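Let's take a walk through a protein together. Have a look at the chain first, and then we will follow its aromatic rings into the interior.

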Amino acid sequence: MKSMTSIAPLELVTKHFLDRLAGLDVNDALGAVDDGIVYTNVGFPTVRGKKRFSAVMRNLNTSWLHFDYRMLNSAADDDVVLTERIDELTIGRLRLQFWVCGRFEVREGRIVVWRDYFDIFDCTKALVRGVVALAVPKVLPPLHP
């Protein structure tokens, strides 16, 4: 395996972090983040440090809660990676799909900042669609067709 410093920032964020996080390989995903990571879901409290960040990521991938995503667009400029995604949170049988824009900063082959932006109205619509889809599944198509 390549050392993390030899991996392009876009590949680090998508293949070595998000894909592994979505694939329930949380330990490997955490290998891509710095000890001093700063994680912000805009509108929520910022999480600082790998220990706290690890707890949040592990809680997103349990037997009853799971994270997945579909990439819409991505771009990198030096050590900054931008992602436009559809994120999916599955809570039991309830699936919530909503638009997210992420900004990642990479230094020395590790993610040091992850900031996600989303539209609260879109998240509210995701909740309504998810609840309706419990009774009428075709209302919410699979994340990966």
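**Following the rings inward**

The UniProt record, an unreviewed entry, places the feature "domain: Limonene-1,2-epoxide hydrolase" at residues 14–129. Keep in mind as you look around that this is a predicted model. Over residues 14–129 the chain is 29% helix and 51% strand, and the C-alpha atoms at the two ends of that stretch are 27 Å apart.

Now turn to the aromatic side chains. Rings count as a pair if their centres lie within 6.5 Å, and by this rule there are nine aromatic pairs. One of them joins phenylalanine 17 and tryptophan 114: the ring centres are 5.2 Å apart and the planes meet at 85 degrees. Planes over 60 degrees apart count as edge-to-face, so the pair of phenylalanine 17 and tryptophan 114 is edge-to-face. Where do phenylalanine 17 and tryptophan 114 lie? Phenylalanine 17 is in helix H1 (residues 9–22) and tryptophan 114 is in strand S6 (residues 110–118), so their pairing ties together parts that are 97 residues apart in sequence.

Are these two residues buried or exposed? Buried means under 20% relative accessible area. Phenylalanine 17 has 1% relative accessibility, so it counts as buried, and tryptophan 114, at 3%, is buried too.

Tryptophan 114 also pairs with tyrosine 39. Here the ring centres are 4.5 Å apart and the planes are at 45 degrees, so this pair is tilted. Tyrosine 39 sits in strand S1 (residues 33–41), 75 residues from tryptophan 114 in strand S6, and the pair links these distant parts of the chain. Tyrosine 39 is buried, like tryptophan 114. Stepping back, ring pairs link Phe17, Tyr39, Phe53, Phe104 and Trp114 into a cluster.

Why might such residues gather inside? In soluble globular proteins, nonpolar side chains tend to be buried together. In this model, the largest nonpolar core has 26 residues, and those with the most contacts inside it are Phe17, Phe53, Met57, Ile111 and Trp114. The elements that give two or more residues to this core include H1, S1, helix H3 (50–59) and S6. H1 provides the largest share, six residues.

To see how tryptophan 114 fits in, leave aside its neighbours within four places in sequence: its contacts then include Leu18, Leu21, Val38, Met57 and Arg85. Finally, look for another core that lies apart from the largest one. This other core has six residues, among them Leu96, Phe98, Val100 and Cys123.

Terms used
Residues are numbered from 1 along each chain as its sequence is written. This is a predicted model: local features need pLDDT of at least 70, side-chain atom pairs count only at pLDDT 80 or more; totals for chains, interfaces and linings use all residues. Side-chain values use heavy atoms; hydrogens and water are left out. UniProt positions are given in the numbering used here, feature names are shortened, and annotations may be inferred rather than shown by experiment. Helices (H or I, at least four residues) and strands (E, at least two) are DSSP runs, numbered from the N terminus. Rings of Phe, Tyr and Trp (its six-membered ring) pair if their centres lie within 6.5 Å; planes under 30 degrees apart count as stacked, over 60 as edge-to-face and the rest as tilted. Buried means under 20% relative accessible area, exposed over 50%, partly exposed in between (1.4 Å probe, protein chains only). A nonpolar core is a set of buried Ala, Val, Leu, Ile, Met, Phe, Trp, Tyr and Cys residues joined through side-chain atoms within 4.5 Å. Contact means heavy atoms within 4.5 Å.
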